[in-house]
Each structure stands twice: as C-alpha cells, then as structure tokens.
Amino acid sequence: GSPPRPAWCCKIVVQAEMLHPDFPIVSKILGDSNANIEHLRSQHACQVALRGRGSGQQEADGQELQEPMFLWIASDNVQNGKAALEMSQDLLGSVYEEHQAWCTQHGLPNQMKSGPLVVE
C-alpha cells in the first residue's frame, strides 16, 4: 500500500529554468546544511523537500523526479501547512532577489519574470 495522504500538501514550482544556470539555486533554497528546510520543518511540524529536476533529491527509484524543480510541503494540519507555505514563499522571494543581484553583479540578463507557482 502507498503511504497515507497527508491532510494538506502543496507544490511550489521554483521556476528554476528561468534562473541563470550558474546560480546555485539548490544551495540557496536548502540553506547551509539544509538549515532553511530544517527550520521550516521544525517551525511548522511539516514535511518539506526540494524535488524534481536539478534538485539532487532522489526518489524511490534512485532518479530525480522528471518534472520542473519544486518545493514539496505536506502537513497533517492545514494551518501548519499554510504557514509553512507562506514562509517558503518568503524564502523563495529572497532567493529570487539574490538571483537578481547576482545577475546584475555579473552583468547578466535576468530572465526571471514571475514568482514561484503554487499548486495546492
């Protein structure tokens, strides 16, 4: 049998394809030694994982999930999940700002036109 579905879960599509390939998006989202993800987990008692292409996260078959990189959040408590979602959007917002500054600093065009995409 498959694991029971959590009461609430969502995907936040990172739009990594729009970021410059040299920008260290994964380490920026995860934080030093996964600090950002651990913070989300402990603050909101939820499951958080960066998954999809380029995430470095292997699924059960030993492969990355072949879909655009996303942050996956699951919680048994809807309010906790929503709070974690809000915090994750703030996190991605600051990562995008960092990317913008990084592009400017390196004299590169910034293709990022929109924010993260939330799929509940």
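Which residues does Gln15 touch, not counting residues up to four places away in sequence? In this predicted model, Gln15 is found in the loop between β1 and α1, and the residues touched are Met69, Tyr96, Met112, Ser114, Gly115, Pro116 and Leu117. Gln15 has a relative accessibility of 14% and therefore counts as buried, since the limit for that class is under 20%. One of these neighbours also takes part in a polar contact: a polar atom of the Gln15 side chain lies 3.1 Å from the backbone oxygen of Gly115.

The strand β1 was examined next. Five of the six residues of β1 are buried, and the strand is described as mostly covered. Six bridges link β1 with β3, and the two strands pair in the antiparallel sense. Within β3, Ser75 is the residue that stands opposite Trp8. β1 is also joined to β4 by three bridges, again with the strands running antiparallel. Here Lys11 has Val119 of β4 as its bridge partner. Lys11 has a further neighbour in Phe70, as the charged end of Lys11 sits over the ring of Phe70 at 4.6 Å from the ring centre. A second arrangement of a charged residue and a ring involves Arg51, which lies over the face of Trp72 at 5.2 Å from the ring centre.

In soluble globular proteins, nonpolar side chains tend to be buried together. The largest nonpolar core of the model contains 28 residues. Within this core, the residues with the most contacts are Val14, Ile25, Ile29, Leu50 and Ile73. Two or more residues each are given to the core by β1 (8–13), α1 (25–30), α2 (35–44), β2 (47–51), β3 (70–75) and α3 (78–105). The largest share, eight residues, comes from α3. The surroundings of Ile73 can be listed in detail. When residues up to four places away in sequence are not counted, Ile73 touches Trp8, Cys9, Cys10 and Ile12. The list for Ile73 also includes Cys46, Gln47 and Val48, together with Gly81, Ala84, Leu85 and Ser88.

Aromatic rings were considered separately. A pair of aromatic rings is described by the distance of the centres and the angle of the planes. One aromatic pair is found in a search of the whole structure. The pair consists of Phe23 and Trp102, whose ring centres are 5.6 Å apart; the planes stand at 70°, so the pair is edge-to-face. Phe23 lies in the loop between β1 and α1, whereas Trp102 lies in helix α3, so the pair ties together parts that are 79 residues apart in sequence. Both rings belong to buried residues: Phe23 has 4% relative accessibility and Trp102 has 17%.

Phe23 also appears among the contacts of Lys28, a residue of helix α1. Leaving aside neighbours within four places in sequence, Lys28 is in contact with Phe23, Asn36, Leu91, Val95 and Glu98. Its relative accessibility of 29% places Lys28 in the partly exposed class. Between Lys28 and His99 the C-alpha to C-alpha distance is 9.6 Å, while the two residues are 71 places apart in sequence.

His99 is in turn a partner of Asn110, which is found in the loop between α3 and β4 (117–119). The side chains of Asn110 and His99 make a polar contact at 3.2 Å. Another polar contact, at 2.6 Å, joins the side chain of Asn110 to that of Gln100. With neighbours within four places in sequence left aside, the residues in contact with Asn110 are His99, Gln100 and Cys103. Asn110 counts as buried, with 16% relative accessibility.

Two residues of the loop between α1 and α2 have positive phi values. Ser33 is found in this loop and has a phi near 50°, a positive value in a residue other than glycine. Asn34 lies in the loop between α1 and α2 as well, with a positive phi of about 65° although it is not a glycine. Ser33 is exposed, with a relative accessible area of 74%. Asn34, at 30% relative accessibility, counts as partly exposed.

How values were computed. Residues are numbered from 1 along each chain as its sequence is written. This is a predicted model: local features need pLDDT of at least 70, side-chain atom pairs count only at pLDDT 80 or more; totals for chains, interfaces and linings use all residues. Side-chain values use heavy atoms; hydrogens and water are left out. A nonpolar core is a set of buried Ala, Val, Leu, Ile, Met, Phe, Trp, Tyr and Cys residues joined through side-chain atoms within 4.5 Å. Buried means under 20% relative accessible area, exposed over 50%, partly exposed in between (1.4 Å probe, protein chains only). Helices (H or I, at least four residues) and strands (E, at least two) are DSSP runs, numbered from the N terminus. Contact means heavy atoms within 4.5 Å. Rings of Phe, Tyr and Trp (its six-membered ring) pair if their centres lie within 6.5 Å; planes under 30 degrees apart count as stacked, over 60 as edge-to-face and the rest as tilted. A charge sits over a ring if NZ of Lys or CZ of Arg is within 6 Å of the ring centre and within 35 degrees of the ring normal. A polar contact is a pair of N or O atoms within 3.5 Å; within protein, one must be able to donate a hydrogen and the other to accept it, and residues adjacent in sequence count only if both atoms are side-chain atoms. Two strands pair if DSSP finds at least two bridges between them.
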